[in-house]
Amino acid sequence: MTADDDVWDALFEAWSSGETCGLATVVRTFGSAPRPAGSSMVLTPQGRVVGSVSGGCVEGDVLERAREAVLRGTRQQASYGISDDDAFAAGLTCGGTLEVFVEPVDARAFPELAEVRESVRAGVATAVLTVLEHPRPEAVGTHAVLRADGHSGGPHPRHTPPDLLADARDLLRRGDSALLSYDAEGVRVFVRSLTPPPRMLLFGAGDFASALTSVGRTLGYRVTVCDARAVFTTAERFPDADEVVVARPDEYLAEEAAAGRVDARSVVVSFSHDPKFDIPLLETALGLDVEYVGALGSRRTHRRRTEALRQAGVTPLALARLSSPVGLDLGGHSVAETAVSIAAEIIATRHGGGGARLSDRDGPVHDRHR
């Protein structure tokens, strides 16, 4: 899951006790909004507030709407335009617009929450679909639960836009949350992805892997370091890694992928200087649906590596996905600086950024619709 773990823990606790919570969720943003879509705030039965939808500037009004949702059992949507002056007064540095959906949550209003709880506890990527607008009023506020192996709940299939499940699956695959609008059918559905942390798989137990392990943990990745050399591949040498594995890199990656533990959010970086490990690993990685594949090395190493991969049968389209030499040109030289440059390229790949200085371009600072 994400930084909103406490929100869902509070929901599960109240739901299990038969009580009602008020749940407010950011379902859409415009401009430099302070919190992304999917950010949530819960009013517990004890009057405790968990989570945030704006970092402070509209929380008071949202809280009143959450109280009303609990008392009356009603749902409502609200839009907030946060001016630069208002944002500054609230201790923020950005303006923007938020669209928030407020609903009561209990066993009657959200019976699917038990299924969500079990999936989350099992570490299974799960999406919660909430109907915000629908031609049939009784469908508004209903939920569906989507996983890779199927879905449950939601409005009757004949009232569902034909592309809804495919669009929702695409969001879940990327671990994203977003509002899906189908104007022809008059339907709007918010998709909230609840996913385990994405994986960062680092191959080659050296200083570069150690430095990137620390950065990867900070970015929220579950970091694995793998190397075939047992003498170098120890937990003591990589205290920030979630897992340290002694295995052939290509075999380990293939086994993890076959077990469903590698997905479209995963990143793979090779620090190996030995072609007998490096080439089979990259051949395997480039055949998977992962977000990023990078490899450390000089220009000369890159040319030799590319030719070896071509001879191994890797297609030009797959080779184009390889970041080699790995990282963005930040001008640094040290191991730590190299780790930051690799992390910067991973972030840019994830969000479609160009790596330009913000001071050198116009437009919103956080352009989520790039």
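**A guided look at the fold**

Visitor: What share of the protein's accessible surface belongs to carbon and sulfur atoms?
Guide: In this predicted model, the accessible surface comes to about 17,800 Å². That area is from the Shrake-Rupley method with a 1.4 Å probe, and for residues only the protein chains shown count as cover. The part belonging to carbon and sulfur atoms is 51%.

Visitor: What pLDDT do side-chain atom pairs need here?
Guide: Residues are numbered from 1 along each chain as its sequence is written, and side-chain values use heavy atoms, with hydrogens and water left out. The model is predicted, and while totals for chains, interfaces and linings use all residues, local features need pLDDT of at least 70 and side-chain atom pairs need pLDDT 80 or more.

Visitor: How many strands does the protein have?
Guide: Helices (H or I, at least four residues) and strands (E, at least two) are DSSP runs, numbered from the N terminus. There are 11 helices, and the strands number 16.

Visitor: How much of the protein counts as buried?
Guide: Buried means under 20% relative accessible area, exposed means over 50%, and partly exposed is in between (1.4 Å probe, protein chains only). Of the 370 residues, the buried share is 45%.

Visitor: In what order do the strands of the open six-stranded sheet lie?
Guide: Two strands pair if DSSP finds at least two bridges between them. The pairing in this sheet is parallel. β13 and β16 each have a single partner strand, so one side of each lacks a neighbour in the sheet. The order is β13-β12-β11-β14-β15-β16.

Visitor: At about what angle to β11 does helix α6 run?
Guide: Helix α6 (residues 207-218) packs on the sheet and touches β11, β12 and β14. Axes are lines fitted to C-alpha atoms, for helices over the stretch in contact, and angles run from 0 to 180 degrees between N-to-C directions. By that reckoning, the α6 direction makes an angle with β11 of about 175°.

Visitor: Within what arc do the buried residues of α7 fall?
Guide: In helix α7 (residues 249-258), the buried residues are P249, D250, Y252, L253 and E256. They line one face of the helix, because down its axis (using directions from the axis to the C-beta atoms) they fall within an arc of 165°.

Visitor: Which helix do the buried residues of α7 pack against?
Guide: α7 lies across β11, β12, β13 and β14, while E255 and A258 on its other side are exposed. Counting a contact as heavy atoms within 4.5 Å, its buried residues pack against β11, β12, β13 and β14, plus one helix, α8 (275-285).

Visitor: Is strand β1 enclosed or open, and which residue of β2 stands opposite A24?
Guide: Eight of the 10 residues of β1 (residues 21-30) are buried, so the strand is largely enclosed by the rest of the structure. β1 pairs antiparallel with β5 (residues 96-105) over nine bridges, with A24 opposite V102. β1 also pairs antiparallel with β2 (residues 40-43) over four bridges, and there A24 faces M41.

Visitor: Which side chain makes a polar contact with that of S324?
Guide: S324 sits in the loop between β16 (322-323) and α11 (335-351), and it counts as buried because its relative accessibility is 12%. A polar contact is a pair of N or O atoms within 3.5 Å; within protein, one must be able to donate a hydrogen and the other to accept it, and residues adjacent in sequence count only if both atoms are side-chain atoms. At 2.8 Å, the partner of the S324 side chain is that of H302.
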